Amino acid sequence: MNKIEIVEYYSKRKTELSTEIGLLKRKNRLFVVSELLSFIGAIAAVAAYTVYGGMIWLLTAALLLVAYIVIRQADGRNGSRIETLTDLKRVYEKELSYYAGDYSCFADGSEYADPKHPFTYDMDIFGRQSLFQRINRTVSSGGADRLAECLSNLSGDKDYIDCRREVIDRLAEMEAERAAFMTQGQRQKIETRQIQEALEGVAEMSLSRFPLSPLSLVLAVMAIVALLTVVVLAFFGVVSGTMAMMWATMQLFVVMMLCLKSIKMISKSVNNLHKQMKQYVELIRLTREMVDKLTSQQVDKLFATNTHDSSNKLHAFDELRSILDALDRRGNVLGLMFTNMFLLSDYFLVRRFIKWKERYLDKVGEWIDEVSTMDALVSMATFAYNEPRSGRAEIVELDEVVYEAKGLYHPFVGDKAVRNDFNIVDNNYYIITGANMAGKSTFLRSIGINYILAQNGMPVFADSLRVSSYNLFTSMRTSDDLSSGISYFNAELLRLKQLIDSLKPSHPTFGGTGESPTLIILDEILKGTNSLDKLNGSRMFLEAMSAQPVSGIIATHDLELSKMADERPDRFHNYCFEIELSDNIIYTYKITPGVARNQNATFLLKNIIRSLEWRDTM
């Protein structure tokens, strides 16, 4: 589908869901009326029986009460359905906002922004209007962390990247499954960190294993049978009712005394899980459904868990949710007393929890990791689905910088973007000149952001893109830090030092080593000093870099720096974004070989000064 068809599809789904929700709400009103009438009818039937007698009234009351219970359950299911469809409608409303250029409904990942990162800060990966915000559809904090990790730490493994691309393309076709997955996070984002912290607390918990022993189970069953026997005997007058009451009271205190400490420890550790567990169980079910549609090779490559025990995962979290429900029901004091007297509910609750801990706890971390991975992949696949005009990159296994692009453009610019062809040869440097606003910085970011997308197996914004895997380092948005006493110039020096340090063989850079080839993207080296010093420093820096396994693209306003291509044409090359000056400035946004001839600062300032002179003549 093209973008117009996708928007029409999203709009159609939104309308269909709105209609269905409206019908369910009308049905909900009928349920409420029916509940009220059946309940009042049951009371009236009981009243009629007390006044007139006759079993027909008791039978009517019983039938109306059963009808009330059935209608109430149907009403509950109907209400849950309304909530689910409302959340699903929100998913499609957000996607329509995406197409309208409004990304505010998606978390922007500002918490991941790091000015010291090798490339994410300069490439607008995190923050308002960022790449992360455009991609992000995660429903859990673990999924958001995994997505941020993918965009920050590039894999470099061709097989892994190719596999991820295949999975993203496959998930992009599964629109209904992805929408159902995203539905889970519309009301409340699942805090994976809280779940992990709670489970870490469970792992550290020291509980007696006695409730798991056969002896304890035999004693518990004997106690239940004994009490029921005493109650039956008391009913027939064989023993006194006082004896039955004392026995039940004693049994209540014994079981609560033995289990209270364990119950408190369990409640304290898992207190924050209850609200999220229903959503998480559904996420695991949806993850299993989508994983089952992938090939075993894809699953083994992208997921660290054994996917053959998928039913175990669902059962484990479902069982934990059931335990949490049981803990929640302990708030009913009368019910707690009754169930502990006759069923030893606290004993069996502790026993269930210990069995769950020993059977599943060591695997839960991996299962949570699988859900987080799927959460990130669903976001990537939705991005791929929403950008049908994008292309697919070819990853090549070469120990050198390869970047061959045709029709390259920046994803943020949109359909009106001017496309450019550009090739980067290993150990070569490309000095790009041009006027202000001519497109230099946008082009540099187009190079970087498409490389990041390619390394993640996501769509790229080019007619074709062929790249190898290498380190990426950028310096485009250096700023001062007066609170730390760091001037603008000093900040630039620190950034360049960070680049040089990353090239050391012992320095683990971007998941690789300093020996790996590197592409550097620089915008105006040493902006914070005077022109001559800046020129000499820039030349010295580039000459030093040319002796390393480094390739580079450097944007500059300093035309003198372009003379390096005359001195070393084998390594340095000039490209430019030219403008045309007439009555107005014409920006072509096309990159061409050579050095820019026209600048626009003086031209623009003349127009401003003329407007000032015109005002003075008034």
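This text walks through a predicted model, from its nonpolar cores to a buried strand and then to a nonpolar surface patch.

In soluble globular proteins, nonpolar side chains tend to be buried together. The largest nonpolar core here has 136 residues, and the members that touch the most others are Tyr280, Tyr403 and Ile447. Helix H14, residues 345–386, gives the most to this core, with 21 residues. A second, separate core holds 20 residues, including Tyr429, Ile525, Phe541 and Met545.

Tyr403 shows what surrounds one of these well-connected members. Beyond its neighbours within four places in sequence, Tyr403 contacts Ile447, and also, among others, Phe422, Ile424, Tyr451, Leu465, Val467 and Tyr470. The contacts of Tyr403 also include Asn423, Ser446, Asn450 and Arg466.

Strand E8 covers residues 550–555, and 6 of its 6 residues are buried. In a regular strand the side chains alternate between the two faces of the sheet. In E8 both faces are covered: Val550, Gly552 and Ile554 are buried on one side, and Ser551, Ile553 and Ala555 on the other. E8 pairs in the parallel sense with strand E4 (residues 429–434) over 4 bridges, where Ile431 stands opposite Ile554. E8 also pairs in the parallel sense with strand E7 (residues 518–523), over 6 bridges; there, Leu519 has Ser551 as its bridge partner.

Not every nonpolar side chain is covered. Tyr49, Val51, Tyr52, Met55, Ile56, Trp57, Leu58, Leu59 and Leu63 form a surface patch with about 960 Å² of accessible area together. Helices H1 (3–52) and H2 (55–99) each supply at least two of the patch residues, and H2 gives the largest share, 6 residues. Leu58 lies in H2 and is partly exposed, because its relative accessible area is 32%.

How values were computed: Residues numbered from 1 in each chain as written. Predicted model: local features only at pLDDT ≥ 70, side-chain atom pairs only at ≥ 80, totals over all residues. Heavy atoms only, no water. Patch = residues over 30% accessible without salt bridge, like charges linked within 9 Å, V, L, I, M, F, W, Y side chains within 5 Å. Areas by Shrake-Rupley, 256 points an atom, 1.4 Å probe, with all protein chains shown as cover. Salt bridge = Lys/Arg side-chain N within 4 Å of Asp/Glu carboxyl O. Buried < 20%, exposed > 50% of the residue type's maximum accessible area, 1.4 Å probe, protein only. Core = buried A, V, L, I, M, F, W, Y, C linked by side-chain atoms within 4.5 Å. Contact = heavy atoms within 4.5 Å. Pairing = 2+ DSSP bridges.
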